[in-house]
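Please open the model in your viewer and keep the sequence panel beside it, since each stop on this tour asks you to select something and then look at what surrounds it.

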Amino acid sequence: MFRNREIRLGVFAHLAVTAAAAFFVRRVTNNTAGVLVCLALGGALLFLWLGLSSYRYRRLKELSVYLKEIVGGNYRLDLLKNQEGELSILRSDIYKMTVNLRSQAELLQRDKGYLADTLSDISHQLKTPMTSLMVMTELLADSHLPEEKRRQFAGRIHSQLERMEWLITSLLKMSRLDAGTVIFKKETVRVRELIEKAAEHLIIPMDMKQLTLTVEAGGAVFTGDREWTAEGLANILKNCMEHTPEGGAIRVTAAERNLYTEICVSDTGEGICEEDMPHIFERFYRGKNASTDSVGIGLAMAKYIFERQSGMVEVSSEPGAGTTFRIRFYRQII
């Protein structure tokens, strides 16, 4: 404490004032007892001042140690005390800052774990088609390979490339959504037009599987972003198409309620296992009935898109009896 220049100056000033007061009492009263009382009072005040200063410096030292602990990554200390005074206010501010830093550190740690898992999943999803492409490319280099096999391998290579293109495109879209760079429009969306746009690139695959697509949307509308909502709905339709056997049916209905517009997408497919139900909207999750080409990103993207527009999506299913997705867009003010 005495290393502080202010403390040394304070002690010097206090002693000087006490000496001056004693000298004045001596000259005015010529009373030795008065001088002694003056010196005793000055000493007591100096002792009290030094005691209070020592207490404040101990508290400041505690705060200094606490800050060093925070720098070292220890956010678990708790200095929150219900006292008055400037030090208590400073202690409270440090505590609030610590809580803030701890929350940010925990979020950062979770983000790091999520990023590591995501990179691992992406690497796995790309490794499988890459390995297949390398093998088939080596086979195509064989000059003795029959023409029929050559066409077959070329078709498989094209299929794998399409899969990789879809995966990379979807990952780029998800990265834009995660980064918050997507600004969703607030426009009037006609549900029938939305369904037609979402299903336009699925019509041929549905015809190849002889699936029947029925749309009953009436004049239902809602407020949202037409393009991004079509992207999300297309992923729902694609999931239904992949899990519906040949000759099955997909039915899309829409209706306006008092608080929201609801779109229901139902299929006559194999349904979802009970243990898979809580996880189907998780990124890169593949259920027991997932196809070999599934990467587990479409439903996660759809859910994210709907929720960012004051919407929600629920799913109900019965194994062997089909699945129904219920999408609700709540009223918004344009």
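**Salt bridges between strands and helices**

Begin by selecting Glu216, which at 39% relative accessibility counts as partly exposed in this predicted model. Add Arg251 to the selection, and you will find that the two form a salt bridge in which the closest N and O atoms are 2.9 Å apart. This pair links distant parts of the chain, with Glu216 in strand β2 (residues 212–216) and Arg251 in strand β4 (residues 249–256), 35 residues apart. Arg251, like its partner, falls in the partly exposed class, with a relative accessible area of 42%.

Next, select Lys173 and Glu231, whose side chains meet in a salt bridge at 2.8 Å, N to O. Here too the pair links distant parts of the chain, since Lys173 lies in helix α4 and Glu231 in helix α7 (residues 226–242), 58 residues apart. Lys173 is partly exposed at 22% relative accessible area, and Glu231 is partly exposed at 21%.

For a third pair, select Glu262 and Arg257, where the salt bridge spans 3.8 Å from N to O. Glu262 counts as buried, at 7% relative accessibility, whereas Arg257 is partly exposed at 41%. A search of the whole structure finds nine salt bridges.

**Along helix α4**

Now select residues 147–179, which make up helix α4; its 33 residues reach 48 Å from the first C-alpha to the last, close to the 48 Å expected at 1.5 Å a residue. Colour its buried residues, among them Phe153, Ile157, Leu167 and Leu171, and note that Gln160, Arg163 and Ser170 are also on that list. Just after the helix comes Gly180, whose phi is positive, near 75°.

**Thr261 and its surroundings**

Move to strand β5 (residues 260–267) and select Thr261. Is this residue, Thr261, buried or exposed? Thr261 is buried, with a relative accessible area of 0%. Its side chain reaches the backbone oxygen of Val221 at 2.7 Å, and a polar contact of 3.2 Å joins the side chains of Thr261 and Arg331. Beyond its neighbours within four places in sequence, Thr261 is in contact with residues including Val191, Phe222, Ile327 and Phe329.

**Two cysteines, then the whole chain**

Select Cys240, which is buried at 0% relative accessible area, and then Cys273, which counts as buried at 18%. A search of the whole structure finds zero disulfides.

Finally, zoom out to the full chain, which has eight helices and seven strands, and in which buried residues make up 34% of the 334 residues.

How values were computed:
Residues are numbered from 1 along each chain as its sequence is written. This is a predicted model: local features need pLDDT of at least 70, side-chain atom pairs count only at pLDDT 80 or more; totals for chains, interfaces and linings use all residues. Side-chain values use heavy atoms; hydrogens and water are left out. A disulfide is a pair of cysteine sulfur atoms within 2.5 Å. Buried means under 20% relative accessible area, exposed over 50%, partly exposed in between (1.4 Å probe, protein chains only). Helices (H or I, at least four residues) and strands (E, at least two) are DSSP runs, numbered from the N terminus. A polar contact is a pair of N or O atoms within 3.5 Å; within protein, one must be able to donate a hydrogen and the other to accept it, and residues adjacent in sequence count only if both atoms are side-chain atoms. Contact means heavy atoms within 4.5 Å. The expected span of a helix is 1.5 Å times one less than its number of residues. A salt bridge is a side-chain nitrogen of Lys or Arg within 4 Å of a carboxyl oxygen of Asp or Glu.
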